[in-house]
2 protein chains.
Amino acid sequence: MQFVIIGGDAAGMSAASRAKRNLPGLDVIVLEQTSDVSYSACGMPYNIAVPNSAIEDLVVRHAHVFREKQGIDLRTGHRVEIIDRAGKTVMGKDAEGREFIIPYDKLLIATGASPRIPDLPGFDLEGVMTLKRLKDGRKIKDFIRSHNVKKAVIIGMGYIALEMCEALRARDINVDLVKPRSEFIPWMNPDMASMIREEVEKNDVNMYPGHEIRGIERRNNALEVVCSDLRLECRMVIVAVGVKPNSELAEGAGLVLGPSNTVAVGKDLGTSDGDIYAAGDCADTFHVVTGQKAWIPLALRANRAGWAVADNVTGKNVELEGVAGTSVFKVFDMQVARTGLSMAEAAKYGFEPVEVVIKSRSRAHAHPGSSTIAVQMVGDKKTGRLLGCQLVGKEGAAHRINAPAVALHQKMTVEDFSYCDLAYAPPFGPTWDPMLTSANQLIKQM
Amino acid sequence: MQFVIIGGDAAGMSAASRAKRNLPGLDVIVLEQTSDVSYSACGMPYNIAVPNSAIEDLVVRHAHVFREKQGIDLRTGHRVEIIDRAGKTVMGKDAEGREFIIPYDKLLIATGASPRIPDLPGFDLEGVMTLKRLKDGRKIKDFIRSHNVKKAVIIGMGYIALEMCEALRARDINVDLVKPRSEFIPWMNPDMASMIREEVEKNDVNMYPGHEIRGIERRNNALEVVCSDLRLECRMVIVAVGVKPNSELAEGAGLVLGPSNTVAVGKDLGTSDGDIYAAGDCADTFHVVTGQKAWIPLALRANRAGWAVADNVTGKNVELEGVAGTSVFKVFDMQVARTGLSMAEAAKYGFEPVEVVIKSRSRAHAHPGSSTIAVQMVGDKKTGRLLGCQLVGKEGAAHRINAPAVALHQKMTVEDFSYCDLAYAPPFGPTWDPMLTSANQLIKQM
């Protein structure tokens, strides 16, 4: 049997490795259009922050290991252009422009996502860059060095924008952040979002939310990001306004699409074609809180979905219930984490949401070095269920989100969650963990 | 109605405060034998570490606040000696030796626990001390200062012994740790226990497990801890070999006792007398993994049980399912956490336990500053259930234990837990969180 995989990063290589482990006799072919496979894309901002590091440090496993140790037929520089479902082949061109046709018994589409680029003038100028693939990180790093960048503008204020902002400040580059929407972090409680904004501004970053962008212009050796009421001069622009799934191949093959133009898959990761799977950033998923389809392009679910596809291709029956929408990022000294639904999302999905926002401490009463931990917790008044949680703090915020994440998978009520036996010692939190204090407060609203 | 509470720390004052909040007209009398109420006992080692801090900094709420702002009749220096269940009164003596008799409608026994002291010669010598009540911390602090202590021996190697060891080293006091049992941390996987032992020894602490203690002797201005094959000289001895519940009053009143001579209570915290509750370190509880009675004297469950008693006394019906046995401590730069059952405990309770021990990293691939996180995870081969988890690491161990703790409350299988959507970002862990990697490995054993 021949298992063909389009795309050689998180989902694709996870699937390839596991399929060969499960069934060593299986022919596994991976077709990757770039020259890079199996790298930590999320690590790029931290690598860019350090001038003397190589972006290749982020490669988790090199191509020759997949080929020689694992027996995977990994072909880089191979771009698939057509999936012929009737003939069960994929067709495309390699790096030298030679055409290839490869038959498949089972096919995995793991084509990932691409940065969204606003359809405005000047976004194709030299020095205007995005960050998604390893080559993007390489390009940004090279550009900073070769052009001795001292000033950058980042368009967007999501987690990649904020991580890149920290990375550039670490290299002593002045940074302006600009975006059209006036809310800084729209899915977050505004008081908690201001804690993050203060942290960013404290690090000498200028924030310009609420400025419609008209385009980017070249002016001598500089670029200018032009807004209706503002012009921001710089040497480099990072565009970080979100991503879109690479679902063109699937769409061209007539597969059913899901939310945000993802490839629609079932819990077994199968598409509308019984021999074709999709996994990773290009595919949709189920949200365990809403039970509905969602698109949440993050690394863990890509790896996990890759494994599940491999299991299903090799004769096990694996179904993934879905994701809780758990994510975390760091910006300067602030940790930001979320799981489940925001108030607006909960209302949109027909819940009757109530929320509390509490401020607690990262260490016990009178313990030195303590800092504020802010928690927003959302519950459903109708059923008592926990729906979501958000955390901001300088320590102890990141890993705390995992307890409510497990609770969401189990569809726990806020009250049941409030009775959980969470850990306590003075260096790590108050006796009542901030997760429990917020749950105790939320119960009163329900 | 008169609600009388014996004991004014975590469980007692939590119950008193909540009872008055629930029902402001209720007469609430708290009888506390010492002069201290509502303090962070767990914070004492960290306070002792800092010479210029006052032990009173650990008082969370002062007696006058309870009396004047909350309307609680708080009587310090009141030692209860007899509970007369037939007459529904408690009798005892105040600090001046005057007898008192106080009637109750509902009574809460929240008498806590006391340090165990080996029945061996010399444990009553000056300079031999324990740490449980605030006065103990005060005494240790005063003794270090007035005797200019440069060398101490700690008997015991549990979490209080280790926290005190760190505290004394912070004050540049040389420390020997000694105990009879040869295993350093008996409930922990030996490889993981050695990581902790190395950390302690790296801080110039001498460890002597496996030395039977014969007694303590005075020699001029010094003390000597005498073992069969070893004599350890010092100026101060801290005895930290565990605690025993203060259940003598309950036993004298004929109430049913539970494991380790605790006061036996139901899920509503009621004792065998319908008008008497017990909560905190003196009472037993249910373990959510075994469903059996257990004694786990820790701060969170004491506070929570105090609240539940208050709710039940004031007409709500609250039942606590029990504890997962979650705990965490820090020793020097090492975080140690556990929840649920060890292998030995799981076998004892009739499970068919299997375990894995994995070593993972605290940050992502190629992320600077990463350190080892070791995880032991225990599951039940018969049912697939997750039974317990232990964690050791320099960062990110403490709060990670809460996700498996929630899973234990929900009686999740290891497989279901392995599918949870836990947070990932490079500064906080690998894509597959160590909790998930250990679960994935454990599944293969089951």
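This dialogue walks through the domains and the chain pairing of a predicted model.

User: Which domains make up chain A?

Analyst: Chain A is divided into three parts. Domain 1 covers 2–39 + 60–114 + 243–313. Domain 2 is 117–239, and domain 3 is 334–445.

User: How do I read the pairing of domain 1 and domain 2? How far apart are their C-alpha centres in chain A?

Analyst: Start with the centres, then turn to the contact. In chain A, the C-alpha centres of domain 1 and domain 2 are 32 Å apart. Five residues of domain 1 and four residues of domain 2 form the contact. On the domain 1 side, two are nonpolar, two polar and one charged.

User: How is chain B related to chain A, and by what rotation?

Analyst: Superpose one copy on the other and read off the rotation and shift. Here chain B falls on chain A after a rotation of 180 degrees, with 0.0 Å of shift along the axis and an RMSD of 0.0 Å. The two copies are therefore related as by a two-fold rotation axis.

User: Which residue of chain B comes closest to that axis?

Analyst: Ala403(B) does, with its C-alpha at 2.1 Å. Both copies use the same surface: 100% of the contact residues of chain B recur in chain A.

User: How do the axes of α10(A) and α10(B) cross?

Analyst: Check distance, angle and hand. The two helices, each residues 402–409, have axes that come within 7 Å and cross at roughly 30 degrees. Angles under 35 degrees count as roughly parallel, so α10(A) is roughly parallel to α10(B). Their crossing is right-handed.

User: Which residues meet there?

Analyst: Asn402(A), Ala403(A), Val406(A) and Ala407(A) meet Asn402(B), Ala403(B), Val406(B) and Ala407(B). By class, the α10(A)–α10(B) contact has six nonpolar, two polar and no charged residues.

Note on methods. Residues are numbered from 1 along each chain as its sequence is written. Chains are lettered from A and ligands numbered from 1 in the order in which they are written. This is a predicted model: local features need pLDDT of at least 70, side-chain atom pairs count only at pLDDT 80 or more; totals for chains, interfaces and linings use all residues. Domain bounds come from an automatic or database domain assignment. Two residues are in contact if their C-beta atoms, placed from the backbone, lie within 7 Å. Ala, Val, Leu, Ile, Met, Phe, Trp, Tyr, Cys and Pro count as nonpolar, Asp, Glu, Lys and Arg as charged, and the others, Gly among them, as polar. Copies are superposed by least squares on the C-alpha atoms of residues with pLDDT of at least 70 in both. Axes are lines fitted to C-alpha atoms, for helices over the stretch in contact, and angles run from 0 to 180 degrees between N-to-C directions. Helices (H or I, at least four residues) and strands (E, at least two) are DSSP runs, numbered from the N terminus. Angles under 35 degrees count as roughly parallel, over 145 as roughly antiparallel, 65 to 115 as roughly perpendicular and the rest as oblique. A crossing is left-handed if the near helix is turned anticlockwise from the far one by less than a right angle, and right-handed if clockwise.
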